[in-house]
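User: Please take a close look at a single part of this structure and describe it in one connected account. I would like to know which of its residues face inward, which face outward, and how that part sits within the whole.

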Amino acid sequence: MMKLFKKTLAICLIGLGLGILLVLLLPLTGWLFIIGVVVIGVGFMWLAC
């Protein structure tokens, strides 16, 4: 049960990060772009463990 929850949370994080990046689509806006990349990275790390 906990493993399923972790995977669901990870997929939500990846989706949120992609959403942030898609809304911006401008790497020029610096910190928001970095937040999107970090959220996606955290999501993938969560899926890996």
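Analyst: Buried means under 20% relative accessible area, exposed means over 50%, and partly exposed lies in between, with a 1.4 Å probe and protein chains only. This is a predicted model, in which local features need pLDDT of at least 70 and side-chain atom pairs count only at pLDDT 80 or more, while totals for chains, interfaces and linings use all residues. Numbering runs from 1 along each chain as its sequence is written, and side-chain values use heavy atoms, without hydrogens or water.

The chain has 2 helices and 0 strands (DSSP runs numbered from the N terminus, H or I of at least four residues for helices and E of at least two for strands). Buried residues account for 18% of the 49 residues in the chain, and 50% of the contacts (heavy atoms within 4.5 Å) with a separation of 6 or more join residues 24 or more positions apart.

The part I have chosen is helix H2, which covers residues 31-48. With 18 residues at 1.5 Å a residue, H2 should span 26 Å (1.5 Å times one less than the number of residues), and the separation of its end C-alpha atoms, 26 Å, agrees with that expectation.

Around this helix, the buried residues are Gly36, Val39, Ile40 and Gly43. These four residues lie on the same side of H2, because they cover an arc of only 95° around the axis (taken from the directions from the helix axis to the C-beta atoms). The face turned away from that buried side carries the exposed residues Trp31, Ile34, Met45 and Ala48.

Two residues of this outward face can be followed further. Met45 belongs to H2 and counts as exposed because its relative accessibility is 58%; its C-alpha atom is 8.1 Å from that of Ala10, although 35 residues separate Met45 and Ala10 along the chain. Ala48 is also found in H2 and, at 68% relative accessibility, counts as exposed. Between Ala48 and Ala10 the sequence separation is 38 residues, whereas the C-alpha to C-alpha distance is 9.4 Å.

For a view of the other helix, Leu9 lies in H1. Leu9 is partly exposed, because its relative accessible area is 30%.

To return to H2, the picture is of a helix with Gly36, Val39, Ile40 and Gly43 buried, and with Trp31, Ile34, Met45 and Ala48 exposed on the face turned away from them.
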